[in-house]
Amino acid sequence: MDSRYLQDKEELKQAAQAIDEDRRNFLTAGLVGGAVAAGTLMAGAAHAQQVAQAPAVITPWWPHPKWGKDDQAGASNYMTPAKVLDTVKLIKDGKVYRVGRVYENAMPKFGERVFVLRIPGSPTGGPVGANKLIYHDEFLSTEIGQTGTQFDGLGHIGIQLGKDGDQNEMRYYNGVTQLEIASPYGLKKLGMEQCKPFFTRGHLFDVEAVKGKMMDVGEEITVADLRAAMQKQNMQEADVKEGDAVFFNTGFGKLWIKNNDKFNSGEPGIGLEVAKWCIDKGVCMTGADTWATEVVPNPNKDLAFPVHQELICKNGIYNHENLDFTGLIADRKYQFAYIFSPAPIKGATGSNGGPIAVT
Ligand code: UVW
């Protein structure tokens with residue numbers, strides 16, 4: 001299988017350019033693991049400048065070898081009637097697990113993202129009619145696909161090729177450029193309306209259980225960890241099929257709302273090794289109990305969110321973040337039907353919503 005896996009060291013350096021300065025500072029300036037020191041921030045910026053000057057050597061990853069040059073649906077193309085019928089075989093006891101979290105202002109949020117719900121005046125309207133109906137509406141202001149339980153779409157992540165700022169060389173899934181995608185009214189290509197609803201086989205790797213404790217900031221999940229989890233959970237590697245979804249429990253989700261500072265300070269997660277494993281397997285989606293699924297900071301300090309780039313941008317594989325596997329783990333249910341229909345908001349970068357696992 002053509003994994004189009006990014007292996008060249010220079011390529012890896014160049015990939016770091018795609019992340020904006022704030023995010024790079026986040027990784028290089030000591031936010032990870034604790035306090036932000038202004039001096040360190042400046043050092044981080046200087047370092048980022050060096051990385052930005054690395055020569056550009058990235059092999060184009062488009063057109064997609066399976067779905068062609070005009071495809072905008074990526075790995076959601078795996079959702080076929082055959083996949084649904086295969087998935088149904090995993091439903092044995094009819095139990096439904098909510099694996100998404102409750103949305104509320106108190107939840108940890110990345111960077112300057114916000115979540116504000118208001119009901120100005122209550123009730124919003126009424127009484128109307130002889131039956132005196134009263135009603136409530138709410139106003140919500142948030143990065144709708146990028147707060148709380150969030151599903152990263154294909155327009156969320158790209159890579160700057162060529163010179164910094166060259167919008168013809170900011171590339172997304174299937175080589176779509178910044179000039180083709182950008183609009184203040186929503187992405188003109190790769191918006192969430194292009195993504196097909198998911199009804200697929202899900203596999204959960206409880207890496208926290210393998211480690212015997214909550215994983216820590218910067219701790220990478222390896223393929224060996226996945227194999228240890230499969231052995232412990234009585235699962236076969238060959239059972240992860242093309243178009244399936246894979247999820248990683250790190251234990252870090254226990255910090256949700258209880259210790260937002262630590263939760264936001266970085267995270268355990270998968271690195272480029274497991275990303276390659278996912279690409280080779282041809283999964284449709286990754287997901288975790290963390291805000292990025294991937295290890296932050298990356299063990300290679302020059303890189304910022306390289307797994308996002310490998311999966312989403314180059315291979316069209318989606319990513320579901322801030323999930324909650326508590327119920328599944330309590331019941332020792334590691335394989336299930338995973339059902340999620342992203343909100344088809346035209347031009348959105350991602351989706352909120354309520355994914356479920358059915359066993
Ligand atoms: C980034 O936006 C890089 O991360 P996330 O998808 O985790 O929000």
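Here are a few notes on the ligand site and on Pro184.

1. First, a reminder: this is a predicted model, and the numbers below are computed from it.

2. Start with the ligand's surroundings. There are 11 residues around it, and the closest are Arg113, Asp152, Trp291, His308 and Glu321. By type, the shell splits into 3 nonpolar, 4 polar and 4 charged residues.

3. As for where the ligand sits, look in the largest cavity.

4. Now the polar contacts, taken one by one. A polar backbone atom of Trp291 lies 2.5 Å from a ligand oxygen. With Asp152, the side chain does the job: one of its N or O atoms is 2.8 Å from an oxygen of the ligand. Gln150 also uses its side chain, where an N or O atom is 3.3 Å from a ligand oxygen. How much of the ligand does the protein bury? On its own the ligand would expose 260 Å², and the protein buries 100% of that.

5. Over to Pro184. You'll find Pro184 in the loop that runs between helix 5 (178–181) and strand 9 (198–206). Buried or exposed, then? Pro184 counts as exposed because its relative accessibility is 77%, and the cut-off for that label is over 50%.

6. One more thing to check on screen is the pair Pro184 and Gly347. In sequence these two are 163 residues apart, while in space their C-alpha atoms are 9.7 Å apart.

How values were computed
Residues numbered from 1 in each chain as written. Predicted model: local features only at pLDDT ≥ 70, side-chain atom pairs only at ≥ 80, totals over all residues. Heavy atoms only, no water. Helix = DSSP H or I, 4+ residues; strand = E, 2+ residues; numbered from the N terminus. Buried < 20%, exposed > 50% of the residue type's maximum accessible area, 1.4 Å probe, protein only. Near = heavy atom within 4 Å. Polar contact = N/O pair within 3.5 Å; in protein donor to acceptor, adjacent residues only side chain to side chain. Areas by Shrake-Rupley, 256 points an atom, 1.4 Å probe, with all protein chains shown as cover. 1 Å grid on protein atoms, 1.4 Å probe; cavity = no way out; pocket = protein on both sides within 12 Å on 5 of 7 lines; lining within 4 Å. Sits in = over half its atoms within 2 Å of the grid points. Nonpolar A, V, L, I, M, F, W, Y, C, P; charged D, E, K, R; others polar.
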